[in-house]
Amino acid sequence: MPNWGGGAKCGACEKTVYHAEEIQCNGRSFHKSCFLCMACRKALDSTTVAAHESEIYCKTCYGRKYGPKGVGFGQGAGCLSTDTGDHLGLNLQQQGSPKPARPSTPTNASKFAKKMVDVDKCPRCGKSVYAAEKIMGGGKPWHKSCFRCAICGKSLESTNVTDKDGELYCKVCYAKNFGPKGIGFGGLTQVEKKE
């Protein structure tokens with residue numbers, strides 16, 4: 001039967017896909033609204049799609065279904081993935097393998113949050129330094145607003161910061177207060193005569 005003015009058939013719903021709504025993947029055409037992961041139904045795009053034969057998945061579901069299994073795969077180095085994929089309809093549980101153990105006691109969310117939110121303290125003001133405001137100097141975390149010279153208060157950068165005894169200084173103040181003294185070192189402008 002001739003295809004009058006239409007496009008290819010959608011790989012998901014088998015209806016005609018017109019060029020204005022077409023997404024191509026692995027030699028097949030899809031409607032934009034049908035370009036979904038076959039397991040979790042998450043919307044896909046060219047950067048998140050992983051194709052396997054005639055099936056399309058998000059990279060996460062593809063890895064769970066077709067990726068390597070066991071120690072060191074999927075969850076970070078040295079970990080055993082206990083994700084069975086049941087909630088996605090993937091049935092990753094292999095025959096003979098035990099079901100993952102459930103914790104016997106419920107976890108206390110507040111205790112967990114306290115452990116996970118163990119935040120560094122700023123040496124200058126003593127308050128918590130969170131990642132969004134952290135600057136490292138002298139091997140310690142500082143607030144951006146506290147990352148200043150202890151003497152003149154000048155805002156510091158990695159190019160002009162020096163540290164001494166846990167405190168930060170600009171290079172000028174450090175040289176004046178802790179640097180070498182004498183002729184040619186910026187401390188004296190003329191030779192003093194001994195009498």
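Is Asp120 buried, partly exposed or exposed? Asp120 is partly exposed, its relative accessible area being 35%. Keep that residue in mind, as it comes back below. Here are my notes on this structure, which is a predicted model.

1. Start with the overall layout. You'll find three helices and ten strands in the protein chain. If you walk along the sequence, the order runs β-β-β-β-α-α-β-β-β-β-β-β-α. That puts four strands ahead of a pair of helices, then six strands, then a helix to finish.

2. Next, how much of the chain is tucked away? The protein chain has 195 residues, and 23% of them are buried. The exposed area of the chain comes to about 14400 Å², with 53% of it supplied by carbon and sulfur atoms.

3. A word on contacts across the sequence. Take the contacts between residues at least 6 apart in sequence: 15% of these join residues at least 24 apart.

4. Now the charged pairs. The salt-bridge count for this model is three. I'd go through them one at a time, since each can be found by residue number in the structure above.

5. Back to Asp120, which pairs with Lys134 in a salt bridge, with 3.2 Å between the closest N and O atoms. Lys134 belongs to strand β7 (residues 134-137) and Asp120 to strand β5 (residues 120-121), so this pair ties together parts that are 14 residues apart in sequence. What about the cover on each partner? Lys134 has 33% relative accessibility and counts as partly exposed, and Asp120, at 35%, is partly exposed too. Buried would need a value under 20% and exposed one over 50%, so both labels follow from where these numbers fall.

6. Then there's Arg124 with Glu167: their side chains meet in a salt bridge, 2.2 Å from N to O. Arg124 sits in the loop between β5 and β6 (128-129), while Glu167 is in strand β10 (residues 167-170), so the bridge ties together parts 43 residues apart in sequence. Arg124 is partly exposed at a relative accessible area of 31%. Glu167, at 25% relative accessibility, also counts as partly exposed.

7. Finally, look at Asp165 and Lys164, whose side chains form a salt bridge at 3.9 Å, N to O. The cut-off for a salt bridge is within 4 Å, so this pair qualifies. Which partner is exposed and which partly exposed? Asp165 counts as exposed, at 73% relative accessibility, whereas Lys164 is partly exposed, with a relative accessible area of 29%.

Key. Residues are numbered from 1 along each chain as its sequence is written. This is a predicted model: local features need pLDDT of at least 70, side-chain atom pairs count only at pLDDT 80 or more; totals for chains, interfaces and linings use all residues. Side-chain values use heavy atoms; hydrogens and water are left out. Helices (H or I, at least four residues) and strands (E, at least two) are DSSP runs, numbered from the N terminus. Buried means under 20% relative accessible area, exposed over 50%, partly exposed in between (1.4 Å probe, protein chains only). Contact means heavy atoms within 4.5 Å. Accessible areas come from the Shrake-Rupley method with a 1.4 Å probe; for residues, only the protein chains shown count as cover.
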